[in-house]
Amino acid sequence: MTNKFGLSRTIPAEIKRAIRQACGFGCVICGSGIIQYEHVLPEFHEATEHNPVKMTLLCPQCHAKVTTGFWSKDKVLESMEKPHSKKQGFSNEVFDIGHGHPSLQFGGVLLKNCPIPIQVSGIPLFKIELPEEEGAPFRLSGIFCDSQGIISLRIIENEWMAASANWDVEVIGGSIIIREGKRNIHLKLVASPPDAIIVERLNMFLNGLQFEANGDFLKVTSPSGGVMEFTSCIADNCKVGMSF
């Protein structure tokens, strides 16, 4: 679909990335990481180009409030000057975790019914807690670091928070993709509601250990150079699924 000037609704990838970076990877008004790309001034039907300076990120709910006239363009323009995600330091949303114990697919390792799926140096990298009350979901928490050991994504009781200091965060098709540079994916996390989180890609440094996951394998390299590789492994009904 194109507008009267022949401009396609398809936005080039590099323009999308520039908009994400300017907005801190979340809705400029509320910080939600589930976003849509919006031409602000001019609106799309009057635009002759996809200019990232004149575009922004809005979540579907905030976008609807603008398009239905309940919120003004002035509100959007003010938020573009001080994006919510940059003020709070992260974009965020909530995973749909159901009433059963969630599983974690970590590269080549499937961790099921493990309150602590993975721990490093005695500290849980991930943990799964029981519901706070009857009918509530299980509670998943964890952290991911980049290849330099800097925290890029936190999960606190099912809420994920992607740091606005990342080079790029793209949320698309149920996936959270974090890049350290162009074509350099350090994390691809896929939601499989209501009972699974899948780590498809990972390059993470934590407490001296290098974690690499891609498809169906997980490789862990120690400071001494020792390498542990895991493919098609399952840990089920363990208090701690894996410990390094």
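Which residues form one aromatic cluster? They are Phe106, Phe126, Phe144, Phe211, Phe230 and Phe244. The model is predicted, and this cluster is a good place to start reading it.

The structure holds five aromatic pairs. One of them joins phenylalanine 211 and phenylalanine 244. Their ring centres lie 5.6 Å apart, and the planes meet at 85 degrees, so the pair counts as edge-to-face, a class that needs over 60 degrees. This pair links distant parts of the chain. Phenylalanine 211 belongs to strand β16, residues 209–214. Phenylalanine 244 sits in the segment after β20, which spans 240–243. The two are 33 residues apart. Phenylalanine 211 has 0% relative accessibility and therefore counts as buried.

Next comes the nonpolar interior. The largest nonpolar core has 39 residues. Phe106, Phe144, Leu153, Leu189, Leu202, Phe211 and Leu218 touch the most other members. Strand β15, residues 196–206, gives the largest share of this core, with five residues. Phe106, Phe144 and Phe211 also appear in the aromatic cluster.

Take leucine 189 as an example. Beyond its neighbours within four places in sequence, leucine 189 is in contact with Phe95, Phe144, Leu153, Ile155, Gly174, Ser175, Ile176, Ile197, Ile198 and Val199. Another core lies apart from the largest one. That other core has 16 residues, among them Ile11, Ile19, Ile35 and Val76.

Ile19 leads to helix α1, residues 13–23. The buried residues of this helix are Ile15, Arg17, Ile19, Arg20 and Cys23. What covers them? The cover includes β1, β2 (55–58), α4 (84–88), β12 (168–172) and β13 (175–181). Just after α1, glycine 24 takes a positive phi of about 75 degrees.

One of the covering elements, β1, holds histidine 39. The strand runs over residues 36–39. Is histidine 39 buried or exposed? It counts as buried, because its relative accessibility is 8%, and buried means under 20%. The side chain of histidine 39 makes a polar contact of 3.0 Å with the side chain of histidine 50. Leaving out residues up to four places away in sequence, histidine 39 touches Leu7, Phe44, Ala47, Glu49, His50, Lys54, Met55 and Lys73.

One last feature involves a charge and a ring. Lysine 75 lies over the face of tryptophan 71. The distance to the ring centre is 4.8 Å.

Terms used. Residues are numbered from 1 along each chain as its sequence is written. This is a predicted model: local features need pLDDT of at least 70, side-chain atom pairs count only at pLDDT 80 or more; totals for chains, interfaces and linings use all residues. Side-chain values use heavy atoms; hydrogens and water are left out. Helices (H or I, at least four residues) and strands (E, at least two) are DSSP runs, numbered from the N terminus. Buried means under 20% relative accessible area, exposed over 50%, partly exposed in between (1.4 Å probe, protein chains only). A polar contact is a pair of N or O atoms within 3.5 Å; within protein, one must be able to donate a hydrogen and the other to accept it, and residues adjacent in sequence count only if both atoms are side-chain atoms. Contact means heavy atoms within 4.5 Å. A nonpolar core is a set of buried Ala, Val, Leu, Ile, Met, Phe, Trp, Tyr and Cys residues joined through side-chain atoms within 4.5 Å. Rings of Phe, Tyr and Trp (its six-membered ring) pair if their centres lie within 6.5 Å; planes under 30 degrees apart count as stacked, over 60 as edge-to-face and the rest as tilted. A charge sits over a ring if NZ of Lys or CZ of Arg is within 6 Å of the ring centre and within 35 degrees of the ring normal.
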